[in-house]
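Colleague: Before I rely on the labels in your description, I would like to go through them one at a time and hear what each of them rests on.

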Amino acid sequence: VISAPHAGEIAPHPDKGSQSVRDANRLLNARRIAHGVLAANDDEALQELVHDDTCLDVCVSSNYLLNASPATHPLPKLCQRGVACSINSDDALLFGSTLLSEFEMCRKELKMSDEVLAICARSSFRYSCSPKAVVEKALVDIEAWLEDGVADK
């Protein structure tokens, strides 16, 4: 069992969004944090996430719909800063999103390259509780997707 709390999508108090991510990381010893985007403008929080090797499970469409992120979504910045991130759909019944639509949004709206999308896809498996064989096959398949040029078609 891993610690994977929700934090940093909606601030518990004004200007405390990044603190909720830091608390989840430190106090709950999180391996993954659902959302976490409010940590994007807190350099110390980002450094802690990288140092502690904590993955943020980012749901771009729900962040927009809940006004949890600015007009420019922080996912590309989080990736650039070396924070492990996975791309996820959030509550399909409420938001109508799918995993594919989230990846498409990241490519089209956030202008994320296939290489960065692949980094996020790898993180989704590396930080999962999936059996080792499943993780290894997925990582090979992600590399094949990039190498075969499927990503650019």
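Colleague: Which residue takes a positive phi just after α1?

Modeller: This is a predicted model, as should be said at the outset, and in it Asn 29, just after α1, takes a positive phi of about 50°. Asn 29 is found in the loop between α1 and β2, and that phi is positive although Asn 29 is not a glycine.

Colleague: What makes a positive phi worth pointing out in a residue other than glycine?

Modeller: Most residues other than glycine have a negative phi. A second case is His 35, a residue other than glycine with a phi near 90°, and His 35 is found in strand β2.

Colleague: Are Asn 29 and His 35 buried or exposed, and how do you know?

Modeller: The relative accessible area of Asn 29 is 62%, and exposed means over 50%, so Asn 29 is called exposed. For His 35 the relative accessibility is 2%, whereas the limit for buried is under 20%, and His 35 therefore counts as buried.

Colleague: Why are α1 and α2 called roughly parallel?

Modeller: Helix α1, residues 17-27, and helix α2, residues 43-51, pack at an angle of about 30° with their axes 10 Å apart. Angles under 35 degrees count as roughly parallel, and the pair is therefore given that name. The crossing of α1 and α2 is, in addition, left-handed.

Colleague: Which residues make up the contact of α1 with α2, and how do they divide by type?

Modeller: From α1 come Val 21, Arg 22, Asn 25 and Arg 26, which meet Glu 44, Ala 45, Glu 48 and Leu 49 of α2. Sorted by type, the residues of this contact comprise 3 nonpolar, 1 polar and 4 charged.

Colleague: What makes Glu 48 a buried residue?

Modeller: Its relative accessible area is 17%, and since buried means under 20%, Glu 48 is placed in that class. Glu 48 lies in helix α2 and, not counting residues up to four places away in sequence, touches Arg 22, Asn 25 and Arg 26.

Colleague: Which residues of α1 are buried, and what do they pack against?

Modeller: The buried residues in α1 are Gly 17, Ser 18, Ser 20, Val 21, Arg 22, Ala 24 and Asn 25. The packing partners of the buried residues of α1 are β1 (6-7), β2 (32-35) and α2.

Colleague: How do you describe the packing of α6 with α7, and what is the hand of the crossing?

Modeller: Helix α6, residues 99-108, packs with α7 at an angle of about 145°, and their axes are 10 Å apart. The crossing in which α6 passes α7 is right-handed. In this contact Phe 103, Cys 106 and Arg 107 of α6 meet Asp 114, Leu 117 and Ala 121 of α7, a set that divides into 4 nonpolar, no polar and 2 charged residues.

Colleague: What makes up the largest nonpolar core?

Modeller: That core has 24 residues, and those with the most contacts inside it are Ile 33, Leu 49, Leu 56, Leu 75, Leu 78, Cys 85 and Cys 106. At least two residues of this core come from each of α1, α2, β3 (55-58), α4 (75-80), β4 (85-87) and α7 (114-126), and α2 gives the most, with 3 residues. As for Leu 78, leaving aside its neighbours within four places in sequence, its contacts are Val 37, Ala 40, Leu 46, Leu 56, Val 83 and Cys 85.

Colleague: Why are Lys 16 and Asp 53 called partly exposed?

Modeller: Partly exposed is the class between under 20% and over 50%; Lys 16, at 42% relative accessibility, therefore counts as partly exposed, and Asp 53, with a relative accessible area of 42%, is partly exposed as well. Lys 16 is found in the loop between β1 and α1, while the place of Asp 53 is in the loop between α2 and β3. Leaving aside its neighbours within four places in sequence, Asp 53 is in contact with Arg 31 and Tyr 127.

Definitions and conventions: Residues numbered from 1 in each chain as written. Predicted model: local features only at pLDDT ≥ 70, side-chain atom pairs only at ≥ 80, totals over all residues. Heavy atoms only, no water. Axes fitted to C-alpha atoms, helices over the stretch in contact; angles between N-to-C directions. Helix = DSSP H or I, 4+ residues; strand = E, 2+ residues; numbered from the N terminus. Parallel < 35°, antiparallel > 145°, perpendicular 65-115°, else oblique. Left-handed = near helix turned anticlockwise from the far one by under 90°. Contact = heavy atoms within 4.5 Å. Nonpolar A, V, L, I, M, F, W, Y, C, P; charged D, E, K, R; others polar. Buried < 20%, exposed > 50% of the residue type's maximum accessible area, 1.4 Å probe, protein only. Core = buried A, V, L, I, M, F, W, Y, C linked by side-chain atoms within 4.5 Å.
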